[in-house]
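Take a look at the chain below. This report follows its cysteine chemistry first and its strands second.

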Amino acid sequence: MPVPSFFILFFSSLKNWSLFRYIYPAEKPQEYLKQLKVFDEERWAIAFPKVDPEGYAKEQKRIADKQAAIEQKKKDEAREKEKEKIMSSGASLCRLMVEKHLQTPGSAKFPEEIPGVVFDNNHFYTRNYVDSQNLYGAMLRSYYRCRLHYKGGDTDNMNNWDLLQFEFE
């Protein structure tokens, strides 16, 4: 026999869990918990592990898994941001190295984006080209390779990088 809603409201307003408990007998623990959560979440949190231990364990596991997934996502995003910073700073340092080796560095024209790869514990590698003038004013395209190791710290500080390979092809 269903309990009229005014009884539920009355008993829930009493803040007496023992009176409220008799509205839903132990044969319907899910219904009891559902109604209790609507009226008083504090008592629901206390009753949930007692009334439905398996459901409580599942809910705790679901919450823990959700929190672990959120933490993993944050770590992945932070790692991706760090890789982007390494790529950007590595590309800038390679440009500086190329400009140092050109006969007319003021005429150097690099592609808008320097493709690069970050791998193996902060190693940056790129193979690209630069268009620049030689001593006679002719534009030449030169290909180069640059490989750097990021040691940590501020990515824009040149002291935090080691040059592993630099060569014109």
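## The disulfide

This is a predicted model. A search of the whole structure turns up 1 disulfide. Its partners are Cys94 and Cys146. Their sulfur atoms lie 2.1 Å apart, which is within the 2.5 Å cut-off for a disulfide.

Which way does the bond twist, left-handed or right-handed? The torsion about the S-S bond of Cys94 and Cys146 is about -85 degrees, so this disulfide is left-handed.

## What the disulfide links

The pair ties together distant parts of the chain. Cys94 belongs to helix α5, which covers residues 53-101. Cys146 sits in strand β3, residues 139-150. The two cysteines are 52 residues apart.

Are these cysteines buried or exposed? Cys94 is buried, and Cys146 is buried too.

## The hairpin of β2 and β3

Now follow β3 to its partners. Strand β2 spans residues 123-133. β2 and β3 pair in the antiparallel sense, over 11 bridges. In this pairing, Ser132 stands opposite Leu140 of β3.

The two strands form a hairpin, with 5 residues between them. Gly137 is in the turn. Its phi is positive, at about 90 degrees.

## The pairing of β3 and β4

β3 also pairs with strand β4, residues 161-168. This pairing is antiparallel as well, over 7 bridges.

Which residue in β4 is the bridge partner of Cys146? It is Phe166. Cys146 therefore has two links to follow: a disulfide to Cys94, and a bridge to Phe166 in β4.

Conventions
Residues are numbered from 1 along each chain as its sequence is written. This is a predicted model: local features need pLDDT of at least 70, side-chain atom pairs count only at pLDDT 80 or more; totals for chains, interfaces and linings use all residues. Side-chain values use heavy atoms; hydrogens and water are left out. Helices (H or I, at least four residues) and strands (E, at least two) are DSSP runs, numbered from the N terminus. Buried means under 20% relative accessible area, exposed over 50%, partly exposed in between (1.4 Å probe, protein chains only). Two strands pair if DSSP finds at least two bridges between them.
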